Amino acid sequence: MKTSQNLFLPTMGCGTWAWGNRLLWGYDESMDDQLQAVFNLCVESGVTLFDTGDSYGTGKLNGRSELLLGRFAKGYLGPNQEKVCLATKLAAYPWRWSRRSMVSAGQASAQRLGRVDLVQMHWSTANYAPWQEGALLEGLADLYEQGLVKGVGLSNYGPQRLKWVHQKLAQRGVPIATLQVQYSLLSTYPVTQLDLKQVCDELGIRLIAYSPLALGLLTGKYSPQGPWPKGIRGLLFRQLLPGMSPLLGCLQEISKSRNKTLSQIAINWCIAKGTMPIPGAKTVEQAKENLGALGWQLDENEVTALDQAAAGLAKPMVQNIFQTQ
């Protein structure tokens with residue numbers, strides 16, 4: 001039985017490409033040097049998991065996120081180079097319904113990235129087309145058995161569906177290395193209500209927290225009075241910020257006593273909960289901010305205070321529509 005022991009997973013991953021579609025809004029090639037600098041700083045600092053998806057960058061930018069990440073990894077020559085883990089997520093598009101289609105998708109991603117260390121199912125189809133999912137999972141297993149990837153992971157799965165997938169892949173001797181879900185002080189649902197962390201621990205699966213800063217709501221950079229981002233994100237901010245005062249107040253209090261930023265407190269809380277957060281960064285300044293969450297840990301009283309503030313939210317972050325039970 002093959003294992004994923006050769007798959008290096010750090011304490012914190014880099015989500016520059018976890019939200020690759022957002023990263024590519026307004027993208028032009030003049031950003032490449034800046035993004036390479038972000039990549040270099042992360043790897044030098046020991047943050048070596050980089051997560052993207054084959055659906056990040058569509059239309060004219062088709063595959064651009066994977067292409068960029070592959071270029072940055074190839075161009076980096078420095079400390080921790082051998083520990084870099086390139087992860088991608090394969091979308092469960094309606095036209096992908098056979099195991100062969102997933103193998104082809106994985107091969108295409110590997111061509112763009114240069115290699116794929118961790119391949120993940122981007123979302124489960126259980127909520128709308130459960131018949132589609134079995135073949136797609138078989139395709140992920142094929143990629144692993146053929147040695148085209150070092151590990152297999154999932155995204156947006158709840159404990160019930162996770163156990164089903166775990167049993168299905170175990171029959172082929174394919175371990176599940178990781179599971180990523182939306183998790184932050186504004187989105188505790190997968191862990192507090194679904195008890196997902198305990199299930200992952202029992203199955204030997206590393207839980208990854210995407211959107212640990214809740215699209216920027218936990219950075220302290222926005223107020224209920226505005227200004228807010230444009231579009232749907234701005235609408236969401238208008239709905240959530242008015243009820244966040246107690247949580248933001250708790251973050252600010254700990255921030256002052258720790259001499260850390262609100263972002264660093266929020267990311268460190270995810271680490272204290274036993275998850276691996278993947279915050280995004282498009283600039284060196286943002287990357288340095290995220291890196292400030294490492295090398296120390298909130299104490300039990302601080303975690304409890306944040307837990308209580310999060311539990312008292314009038315309106316938590318909306319969940320990913322693909323999140324399963």
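In this predicted model, the charged end of Arg-161 is placed over the ring of Trp-164, at 4.0 Å from the centre of that ring.

Contacts between aromatic rings form a second topic, and their count comes to eight aromatic pairs. One of them joins Tyr-93 and Trp-95 in a stacked arrangement, with 4.5 Å centre to centre and 15° between the planes. The two partners differ in their exposure, since Tyr-93 is buried at a relative accessible area of 18%, whereas Trp-95 is exposed at 60%.

Another pair consists of Tyr-128 and Phe-322, whose ring centres lie 6.0 Å apart and whose planes meet at 55°, so that the pair counts as tilted. This pair links distant parts of the chain, because Tyr-128 belongs to the loop between β3 (118–121) and α5 (130–145), while Phe-322 belongs to the segment after α13 (300–311), with the two positions 194 residues apart in numbering. Tyr-128 is partly exposed, with a relative accessibility of 42%, and Phe-322 is likewise partly exposed, with a relative accessibility of 23%.

The accessibility of these four ring residues is set out below.

| Residue | Relative accessible area | Class |
|---|---|---|
| Tyr-93 | 18% | buried |
| Trp-95 | 60% | exposed |
| Tyr-128 | 42% | partly exposed |
| Phe-322 | 23% | partly exposed |

Tyr-93 falls in the buried class because its 18% is under the 20% limit, and Phe-322 is placed in the partly exposed class because its 23% lies between the limits of 20% and 50%.

Beyond these pairs, Phe-39, Phe-50, Phe-72 and Tyr-76 together make up one aromatic cluster.

Key: Residues are numbered from 1 along each chain as its sequence is written. This is a predicted model: local features need pLDDT of at least 70, side-chain atom pairs count only at pLDDT 80 or more; totals for chains, interfaces and linings use all residues. Side-chain values use heavy atoms; hydrogens and water are left out. Rings of Phe, Tyr and Trp (its six-membered ring) pair if their centres lie within 6.5 Å; planes under 30 degrees apart count as stacked, over 60 as edge-to-face and the rest as tilted. Buried means under 20% relative accessible area, exposed over 50%, partly exposed in between (1.4 Å probe, protein chains only). Helices (H or I, at least four residues) and strands (E, at least two) are DSSP runs, numbered from the N terminus. A charge sits over a ring if NZ of Lys or CZ of Arg is within 6 Å of the ring centre and within 35 degrees of the ring normal.
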